[in-house]
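Good morning. I have one structure to go through today, and I will take it piece by piece. Please have the sequence and the model open while I talk.

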Amino acid sequence: RNLAEARLLFKKVSELKSEEVPESIEGLYRSTQIRYAEMCYLGKGGPTDLEKARATYREVATPQLGKEPQRYHLAYVVSLEKFVGMCLRGEGGERDLREAKIYVQKITNTLGSQIPEFAKTVYADAKLRLAKLISEFLNV
């Protein structure tokens with residue numbers, strides 16, 4: 001399939017309400033949302049849409065009430081990192097330091113025991129990239 005068709009398919013899946021998605025495919029649903037956000041961010045399969053990318057990353061980084069992010073932890077960690085970066089750089093909206101701080105606290109407060117073994121490297125890498133991004137932003 002071509003990129004435009006893939007983007008359209010990912011968009012349709014992303015537009016589903018999360019409460020309509022069975023728990024058994026929550027991880028796949030969240031991964032599809034990230035792929036869609038990435039395509040919007042990079043302009044693959046259509047025009048660049050930073051607002052849509054930022055909103056989609058935020059949605060994945062904000063677990064629904066009563067749902068824990070563990071079932072889709074890789075998607076959660078990736079989205080936290082991407083969303084914070086966009087907030088700090090002012091991509092897809094105003095620069096929002098308050099919101100960036102809230103989401104940085106989410107990733108730094110995640111307990112290691114909540115992270116599946118296969119995701120620990122991704123989580124550690126995301127924390128390092130966030131620390132670098134924040135230090136660059138603050139010119140430390």
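Let me start with a single residue: is Gly 43 buried, partly exposed or exposed? Gly 43 has a relative accessible area of 25%. Buried would require a value under 20%, and exposed a value over 50%, so Gly 43 is partly exposed. Before I go on, please keep in mind that this is a predicted model.

Where does Gly 43 sit? It lies in the loop between H2 and H3. Leaving aside neighbours within four places in sequence, Gly 43 is in contact with Arg 7 and Thr 48. Arg 7 is 36 residues away along the chain, and the two C-alpha atoms are separated by 9.9 Å.

The loop between H2 and H3 also holds Gly 45. Gly 45 has a relative accessible area of 29%, so Gly 45 also counts as partly exposed. Its C-alpha atom is 4.3 Å from that of Leu 3, although the two positions lie 42 residues apart in the numbering. Which residues does Gly 45 touch, if we skip those up to four places away in sequence? They are Leu 3, Ala 4 and Arg 7. Arg 7 is therefore a residue to mark on your screen: Gly 43 is in contact with Arg 7, and Gly 45 touches Arg 7 too.

Now the overall layout. The protein chain has 6 helices and 0 strands. Read along the sequence, the pattern is α-α-α-α-α-α. Of the 140 residues, 36% are buried. The chain exposes about 8,200 Å², and carbon and sulfur atoms supply 55% of that area.

How much of the contact count comes from residues that are 24 or more positions apart? Taking the contacts with a separation of 6 or more, the share is 59%.

Next, the interior. In soluble globular proteins, nonpolar side chains tend to be buried together. Here the largest nonpolar core has 27 residues. Which of them touch the most other members? Tyr 57, Val 84 and Tyr 103 do. The elements that give two or more residues to this core are H1, H2, H3, H4, H5 and H6. H4 gives the most, with 9 residues.

Val 84 is worth a look on its own. Not counting residues up to four places away in sequence, Val 84 touches Ala 100, Tyr 103, Val 104 and Leu 130. Tyr 103, in that list, was also named among the core residues that touch the most other members.

Let me stay with helix H4 for two more residues, Ser 79 and Val 78. Is Ser 79 buried or exposed? Its relative accessibility is 0%, so Ser 79 counts as buried. Apart from its neighbours within four places in sequence, Ser 79 is in contact with Ile 34, Tyr 57, Val 60 and Ala 61. Val 78 has a relative accessibility of 24%, so Val 78 counts as partly exposed. The C-alpha atoms of Val 78 and Tyr 123 are separated by 8.1 Å, and the two residues are 45 apart along the chain.

Over to helix H2, where Tyr 36 is found. Tyr 36 counts as buried because its relative accessibility is 5%. Among the residues Tyr 36 touches, not counting those up to four places away in sequence, are Arg 7, Phe 10, Lys 11 and Ser 14. Lys 52 and Thr 56 are on the list as well. Ala 53 is 17 residues from Tyr 36 in sequence, and the distance from C-alpha to C-alpha is 7.6 Å.

Last item, the pockets. Rolling a probe the size of a water molecule over the atoms shows where empty space is left. The largest pocket contains about 170 Å³ of space. Its lining includes Glu 38, Tyr 41, Tyr 57, Glu 81 and Lys 82. Gly 85, Met 86, Arg 89, Arg 129, Leu 130 and Leu 133 also line the largest pocket.

Which helix supplies the largest share of that lining? H4 does, with 5 residues. H2, H4 and H6 each supply at least two. By type, the lining divides into 5 nonpolar, 1 polar and 5 charged residues.

To close, H4 is a useful helix to keep on screen: H4 gives the most residues to the largest nonpolar core, and the largest share of the lining of the largest pocket comes from H4 too.

Methods:
Residues numbered from 1 in each chain as written. Predicted model: local features only at pLDDT ≥ 70, side-chain atom pairs only at ≥ 80, totals over all residues. Heavy atoms only, no water. Helix = DSSP H or I, 4+ residues; strand = E, 2+ residues; numbered from the N terminus. Buried < 20%, exposed > 50% of the residue type's maximum accessible area, 1.4 Å probe, protein only. Contact = heavy atoms within 4.5 Å. Areas by Shrake-Rupley, 256 points an atom, 1.4 Å probe, with all protein chains shown as cover. Core = buried A, V, L, I, M, F, W, Y, C linked by side-chain atoms within 4.5 Å. 1 Å grid on protein atoms, 1.4 Å probe; cavity = no way out; pocket = protein on both sides within 12 Å on 5 of 7 lines; lining within 4 Å. Points joined across faces, edges and corners; volume = space filled by probe spheres on them. Nonpolar A, V, L, I, M, F, W, Y, C, P; charged D, E, K, R; others polar.
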